[in-house]
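Morning, everyone. One structure today, and a few minutes on it. Please have a look before I start.

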Amino acid sequence: MRVLQSARLGLAFGAALGALYAMLYALLQAEDYSLLGGALLLFALLAAVMAATRRVDWYGLMAPRPAVS
């Protein structure tokens, strides 16, 4: 049984993981600018997560659901 249930999702996940490893490798190779590059990368990732979850009602996720009788 496949974890992601489709080959397309698996390839997309593999590509994203490969891009992450490539970025980390590039940061390790650029010794002089690794702190700046890492900070910019983390800022970009945080901005992407914030943009992706801006419409999520976090308080609604924790609210108790009414019992169906």
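Confidence first. In the protein chain, helix 2, residues 34-52, has the highest confidence, with a mean pLDDT of 93. Helix 3, residues 58-62, has the lowest, at 84. This is a predicted model, remember. Over the protein chain the average pLDDT is 88. And 97% of the residues score at least 70.

Now the overall layout. What elements does the protein chain have? Three helices and zero strands. Reading from the N terminus, that gives α-α-α. The radius of gyration is 19 Å, and the globule rule gives 11 Å for 69 residues, so the protein chain is more spread out than a compact globule. The box tells you about the extents. Along the principal axes, the C-alpha atoms fill roughly 65 × 35 × 15 Å.

Next, burial. How much of the protein chain counts as buried? Of its 69 residues, 3%. The exposed area of the protein chain is about 6700 Å². Carbon and sulfur atoms supply 71% of that area.

So where is there a nonpolar patch on the surface? Look at Val3, Leu4, Leu9, Phe13, Leu17, Leu20, Tyr21 and Leu24. Those residues form a nonpolar patch, and together they have about 800 Å² of accessible area.

Let me pick one member of that patch, Leu4. Leu4 sits in the segment before helix 1, and helix 1 covers 7-29. Is Leu4 buried or exposed? Neither, strictly. Its relative accessible area is 37%. Buried means under 20%, and exposed means over 50%. Leu4 falls in between, so it counts as partly exposed. Patch membership needs over 30% relative accessible area, and Leu4, at 37%, is over that cut-off.

What does Leu4 touch, once neighbours within four places in sequence are set aside? Leu9, Gly10 and Phe13. Two names there, Leu9 and Phe13, are also in the nonpolar patch.

One distance to finish on. Take Leu4 and Leu35, which are 31 residues apart in sequence. How far apart are Leu4 and Leu35 in space? From C-alpha to C-alpha, 34 Å.

That's the tour. Over to you for comments.

Definitions and conventions:
Residues are numbered from 1 along each chain as its sequence is written. This is a predicted model: local features need pLDDT of at least 70, side-chain atom pairs count only at pLDDT 80 or more; totals for chains, interfaces and linings use all residues. Side-chain values use heavy atoms; hydrogens and water are left out. pLDDT is the predictor's confidence in each residue, from 0 to 100. Helices (H or I, at least four residues) and strands (E, at least two) are DSSP runs, numbered from the N terminus. Patches are made of residues with over 30% relative accessible area and no salt bridge: like charges are joined within 9 Å, nonpolar side chains (Val, Leu, Ile, Met, Phe, Trp, Tyr) within 5 Å. Accessible areas come from the Shrake-Rupley method with a 1.4 Å probe; for residues, only the protein chains shown count as cover. A salt bridge is a side-chain nitrogen of Lys or Arg within 4 Å of a carboxyl oxygen of Asp or Glu. Buried means under 20% relative accessible area, exposed over 50%, partly exposed in between (1.4 Å probe, protein chains only). The radius of gyration is taken over C-alpha atoms; the globule rule is 2.2 Å times the number of residues to the power 0.38. Contact means heavy atoms within 4.5 Å.
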